[in-house]
Number of protein chains: 2
Amino acid sequence: MRRAGDALVLDRFLPYRLSALSNRVSRAIARAYEAAFDLSIPEWRVMAVLGREGGLTASALADATQMDKVAISRAVARLTRSGRLKARAEAGDARRRALFLTPRGLAVYEQIAPLALAYEQQLMTALSQSERHALAALLDKLDHASRALGDIAR
Amino acid sequence: MRRAGDALVLDRFLPYRLSALSNRVSRAIARAYEAAFDLSIPEWRVMAVLGREGGLTASALADATQMDKVAISRAVARLTRSGRLKARAEAGDARRRALFLTPRGLAVYEQIAPLALAYEQQLMTALSQSERHALAALLDKLDHASRALGDIAR
DNA sequence: TCCATTTAGTTTCATTTGTAACTGATGTCC
DNA sequence: GGACATCAGTTACAAATGAAACTAAATGGA
C-alpha cells in the first residue's frame, strides 16, 4: 500500500490512471462513431440526452452532459446542419429554444444506443456483477470528492 | 442493475462517467500546475517520470507516460527552453538522446511531487482503505479490457 | 557494399477545444 | 418606465491536440 511520503509513480497515480483509461476508451468510441455515423462525441452526447427526452434547451443540455455551452452550441449547430436535430421557439422566452431530434436523428440514435451499450458491456465483461456495483459506487464517491476539490482549486 | 436492453442513460454510462471525472480532476490539477509552476500536464508527466529515473530517451518516455511521441517532443522542447531538462547524446546511436532533469528541474519536481500526492490523498479521503484497493484493482482490469477493445475498434 | 526498410524524433498543418467577448432578450429595482 | 444587471446562446480568437509528412540515423539483407 502507498503511504504519504511514498514516491510518485505515474502509473499508480489516480489522476493519471483515470486520464489514460478515459482517453483510451473515448478514442476507441470516437473512432467508431465518427467512422460509422459521422458524429463527434459531443454531438453523440447531445443526441443521447435528446433521444431519451426531447424538448430540452441548450443550457439544460449543458447541465445534463456536463459540457459547456460553447460545446453544446457547436454540437447543436452541426446536428442541425446534418438534419438530425431541430429547434422550436419556446413560447414566453425568445432566447430559449427547445431542441428535438428529427425522425432521422432519432433513427440514428436508435442505431447507436445499442452499440454504445454493447461496447460498455464488452468493457464490463472484465468485471463480475459485484465488481460492477463496486465500480459504480466508487465513481460516485470520486465524483463528489472531485467536485468539492475542484471548487477549492479554483 | 442495468441489463441488456435497458436505456442508455448518460450519467450511468461508464465511458461518459470516466471522461467527466477525469476531465474534472485533470482540469483542477492543470490549473494548479499552470498557475504555480508554468507547467502543462504533458510537461509535468515527463518531469514525473524523469524525476524518479533520469536518462530515458524520448521513446522510453512515450512508453512510460502513454503519450505519443509528438506530445513528448513538445514537452521536452519546452522543458529544455525553460532550463528544467537537459539532453545528453547517447553513445552508439546518434538519434537517441538521454534526458535528465537539471538541478532546477529536479527542484521543481521535488516541490510538485508532494503536492500531487496530497491532491490525490484529498480525492481519496472519500474512500476507505479497502475501497482504495478495490479501485486500484478495478482500474487494472478496465485498463486491460480497454486495451483489448481498443485494438478491435481500430 | 549498397539500397531498401525501419526507427528516433521533429515539423507542419488541420481540427478541436477553451476562454473571452459579444448580441439580443429578459429580469430587477428604484 | 428607464438604467443596469443577468441570462441564453453565438462568434471570434488563441492554445492544445492529432495525423501525416518529413529528416536523419541505423539496420538488414542480397
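Biologist: How do the residues of the surface near DNA strand C divide into nonpolar, polar and charged?

Modeller: Happy to sort them, keeping in mind that this is a predicted model. Of the residues on the surface near DNA strand C, 4 are nonpolar and 4 are polar. The remaining class, charged, has 10.

Biologist: Which helix supplies the largest share of the surface near DNA strand C?

Modeller: Let's go through the elements that give at least two residues each. Chain A offers helix H4 (69–81), while chain B offers helix H3 (58–65), helix H4 (69–81) and strand S2 (93–101). The largest share is 4 residues, and it comes from H4(B).

Biologist: Which residue has a side-chain N or O atom 2.3 Å from a base oxygen of DNA strand C?

Modeller: Take the phosphate neighbours out of the running. Ser59(B) places a backbone N or O atom 2.8 Å from a phosphate oxygen, and Ser73(B) has a polar side-chain atom 2.9 Å from a phosphate oxygen. The residue that reaches a base oxygen with its side chain is Arg95(B).

Biologist: Now for the two chains: which helix gives the largest share of the side of chain A that touches chain B?

Modeller: Across this interface there are 16 residue pairs in polar contact. On the side of chain A, helices H1, H2, H3, H5 and H6 each supply at least two residues. The largest share, 18 residues, belongs to H6(A).

Biologist: Which residue of chain A meets Arg24(B) in a salt bridge?

Modeller: The interface of chain A and chain B holds 8 salt bridges. In one of them, at 2.4 Å from N to O, the side chain of Arg24(B) meets that of Asp143(A).

Notes
Residues are numbered from 1 along each chain as its sequence is written. Chains are lettered from A and ligands numbered from 1 in the order in which they are written. This is a predicted model: local features need pLDDT of at least 70, side-chain atom pairs count only at pLDDT 80 or more; totals for chains, interfaces and linings use all residues. Side-chain values use heavy atoms; hydrogens and water are left out. A polar contact is a pair of N or O atoms within 3.5 Å; within protein, one must be able to donate a hydrogen and the other to accept it, and residues adjacent in sequence count only if both atoms are side-chain atoms. Ala, Val, Leu, Ile, Met, Phe, Trp, Tyr, Cys and Pro count as nonpolar, Asp, Glu, Lys and Arg as charged, and the others, Gly among them, as polar. A salt bridge is a side-chain nitrogen of Lys or Arg within 4 Å of a carboxyl oxygen of Asp or Glu.
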